[in-house]
Amino acid sequence: MVPMHPHHALCALFFEGKGYSDIFTEHLALMLDGLAAKDRPVTLTLGADLICGPCPHNQPSGCESQEKVARYDRQVLCLCGLQEGDTLPWSQLEQLCLEKIVRPGRLVQVCPDCAWADICQKKQL
């Protein structure tokens, strides 16, 4: 099972090859392709996950944006009816995020201050 921040399912839905750096973007694309190709089971965590590795906010002392990330994760858990530690297939997490957050227009409740919000707001799913 792969540890995963709940909000990263939203990032995956809107990902279009942009990121904090080329290394981060390439890593994210590989991780998302791997998750989707095998519909890997993910275990929801509020801690670091496989996507976090090359993120510039991921420091030896922890995530520089931990408060914001935890807030995003808690909102996804709440709106999708999930809990930290739940394990489900990647496709099911993405589907829940689509049905419970994106389509009802609740994305702004989850991550209104995200640096990438304008990408998500422009893209129709």
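Guide: First, a quick yardstick: a residue is buried under 20% relative accessible area, exposed over 50% and partly exposed in between (1.4 Å probe, protein chains only). This is a predicted model, where local features need pLDDT of at least 70 and side-chain atom pairs count only at pLDDT 80 or more, while totals for chains, interfaces and linings use all residues. Residues are numbered from 1 along each chain as its sequence is written, and side-chain values use heavy atoms, with hydrogens and water left out.

Visitor: Let's start with charges. How many salt bridges does the structure hold?

Guide: To count, a side-chain nitrogen of Lys or Arg must be within 4 Å of a carboxyl oxygen of Asp or Glu. One of the pairs is Lys-18 with Glu-16, and another is Arg-71 with Glu-67. In the whole structure, the number of salt bridges is three.

Visitor: What is the N to O distance in the salt bridge of Lys-18 and Glu-16?

Guide: Neither partner is hidden away: Lys-18 is partly exposed at 46% relative accessibility, and Glu-16 is partly exposed too, at 42%. Their side chains meet with an N to O distance of 3.3 Å.

Visitor: Which helix holds both Arg-71 and Glu-67?

Guide: These two form a salt bridge whose closest N and O atoms are 3.1 Å apart. Glu-67 is exposed, because its relative accessible area is 53%, whereas Arg-71 counts as partly exposed at 25%. They sit four residues apart, about one turn of the helix, and that helix is α3. Helices here are DSSP runs of H or I with at least four residues, and strands are runs of E with at least two, numbered from the N terminus; both partners fall in α3.

Visitor: Which residues do salt bridges with shared partners join into one network?

Guide: Arg-71 also meets Asp-113 in a salt bridge, 2.9 Å from N to O. That pair links distant parts of the chain, 42 residues apart, with Asp-113 in the loop between α5 (107-110) and α6 (117-122) and Arg-71 in helix α3. Asp-113 counts as partly exposed, at 38%. Through the shared partners, one network joins Glu-67, Arg-71 and Asp-113.

Visitor: And how far apart in space are Arg-71 and Leu-46, C-alpha to C-alpha?

Guide: Arg-71 is found in helix α3. In sequence, Leu-46 and Arg-71 are 25 residues apart. From C-alpha to C-alpha, the separation in space is 9.5 Å.

Visitor: Which side chain of opposite charge is nearest to Asp-73?

Guide: Asp-73 is found in helix α3 (residues 66-80). Leaving aside its neighbours within four places in sequence, Asp-73 has contacts (heavy atoms within 4.5 Å) with His-5, Pro-6, His-7, Thr-45 and Leu-46. For charge, Lys and Arg count as positive and Asp and Glu as negative, with His and the chain ends not counted. Asp-73 is buried without a salt bridge, and 7.8 Å away is the nearest opposite charge, on Arg-74.

Visitor: What about Asp-39: near what value is its phi?

Guide: Asp-39 lies in the loop between α2 (22-38) and β2 (41-44). With a relative accessible area of 31%, Asp-39 is partly exposed. Its phi is positive in a residue other than glycine, near 45°.

Visitor: On to the sheet. By how much are neighbouring strands of this sheet turned against each other on average?

Guide: Three strands make an open sheet with mixed pairing, in the order β1-β2-β5. At the edges are β1 (2-4) and β5 (87-89), each of which pairs on one side only. The angle is taken between lines fitted to C-alpha atoms (for helices over the stretch in contact), with angles from 0 to 180 degrees between N-to-C directions. Here, with direction ignored, the average is 40°.

Visitor: In β5, which residue is the bridge partner of Pro-41?

Guide: Strands pair if DSSP finds at least two bridges between them. β1 and β2 run parallel, joined by three bridges, with Val-2 opposite Val-42 and Pro-3 opposite Thr-43. β2 and β5 pair in the antiparallel sense, also over three bridges. There, the partner of Pro-41 is Pro-89.

Visitor: Which residues make up the covered face of β2?

Guide: In a regular strand the side chains alternate between the two faces of the sheet. In β2, Pro-41 and Thr-43 are on the uncovered face, and the covered one has Val-42 and Leu-44.
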